[in-house]
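User: I am new to this structure and would like to learn how to read a few of its features. Could you take me through them one at a time?

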Amino acid sequence: MKWINTRSHHSWLETETDRIFEFGRHAIVPNGFGWIGNNGKVREEMGTCLWITARMLHCYALAAHMGRPGAYELVEHGIKALEGPLKDPQYGGWYATIANQGQDILDASKQGYQHAFVLLGAASAVTTGHPRAQALLDEAIAVYEKHFWVEAKQMCYESWDQAFTETEDYRGGNMAMHSVEAFLIVYDVTQDRKWLERALNITEFMIHKTAKGLNYRVNEHFDANWNPLPDYNKETPASHFRAYGGTPGHWIEWGRLICHLRATLLKIGADCPNWLLEDAIGLFDATVRDAWAADGAPGFVYSVDWEGKPVVRERIRWAPVEAIGTAYALYTVTGDNKYETWYRTWWDYCRTYFIDYEGCSWWQELDANNHAGGSKVWDGKQDIYHLMHCLVIPRLPLTPGLAPALAQGLLDSNLK
């Protein structure tokens, strides 16, 4: 029995995608897209976060290509938010968080993770033909290259204060990973190979030179000179973005991004190191080894220590979602049926525990016994970005990336 690349499974994915696109509309607020709670309504106290608005711009660029009525209006809404209330007119770049309406700035810092998503959202918007999207992408590239990209290190700064005068003595692997994701789409849109070179250099340092030596447990915390900080946040392990130890959901997400990078390099005839596939497989296997049902119950634990033992046992939605996307990618590359088996296993798990048909969308967090509605790590259903990686990616080739592939009419082109 196989699901990947079958018409019947694609039909199910299409139905669920439509449901999720409709759910995402609940996030609309005057200043962009807000933080959706477990009840499907915006949580006013969370404000409008740059990362959510940029990711939703990306998602509704996908929806516009997929023929969802009203999606292009939401592309316009996202662009206006990034041109207006979220943009810092004095120092450049974009505020981390503002109020859902009005002019209050809740967090004026400049976060690299969030600016990487501005790159992604703007590049995706360009593929829709929106008349102001290219100017937004040009500005996002200029800000990223001036303030976040470190050419000498071929890596990136984590954050700055509002005026771009002080940066943390911290460098983050999560920021680096999402920069790779954004760079791949920026390459698709610009055809400038420097973005692929940068993505490869980040991947080589983070995965091939660092994680491989740790049995593919990806270290995400570094000092200002990119020396690992293995005990970072040991006293507060359930951090949203900087969890102590390893975060296996990121390991397997890296595996998918590597498959996309490899596919693009091969397509254009560029040098493609053999270690890319080796490391993508290693990351997949390490995630299954350390995190899947690690405490006896199904699901991926949120984090593990450097011996692979569970630290935070809650189950977070994006881990199985990313695992599904990576299983599809590795099946596409290798043809190994074990990835198809895992693909079905994780979809069955998500249907049983994460998908919330009675309420809305998917739960973001389950406790260690797979009970819904927890909030140890995440509170609410935030946005719909990660869900595109299990609902849309399995219906596309591995290159080009999501919005560029949809713009080229490649949806369901992999049907057998």
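User: Is C272 buried or exposed?

Analyst: Burial is judged by relative accessible area, computed with a 1.4 Å probe on protein chains only, where under 20% is buried, over 50% is exposed and anything in between is partly exposed. C272 has 17% relative accessibility and therefore counts as buried. This is a predicted model, in which local features need pLDDT of at least 70 and side-chain atom pairs count only at pLDDT 80 or more, while totals for chains, interfaces and linings use all residues. Residues are numbered from 1 along each chain as its sequence is written, and side-chain values use heavy atoms, leaving out hydrogens and water.

User: Why is the sulfur of C272 not in a bond with that of C259?

Analyst: A disulfide is a pair of cysteine sulfur atoms within 2.5 Å. The closest cysteine sulfur to that of C272 belongs to C259 and lies 10 Å away, which is too far for a bond. By this rule the model has zero disulfides; C49 is in none, the nearest cysteine sulfur being that of C59, 15 Å away. C49, at 6% relative accessibility, also counts as buried.

User: At what angle do helices α4 and α5 pack?

Analyst: Angles run from 0 to 180 degrees between N-to-C directions, with axes fitted to C-alpha atoms over the stretch in contact, and helices are DSSP runs (H or I, at least four residues) numbered from the N terminus. Helix α4 (residues 112-126) and helix α5 (residues 133-147) pack at about 155°, their axes 8 Å apart. That makes α4 roughly antiparallel to α5, a term for angles over 145 degrees.

Terms used. Helix = DSSP H or I, 4+ residues; strand = E, 2+ residues; numbered from the N terminus. Parallel < 35°, antiparallel > 145°, perpendicular 65-115°, else oblique.
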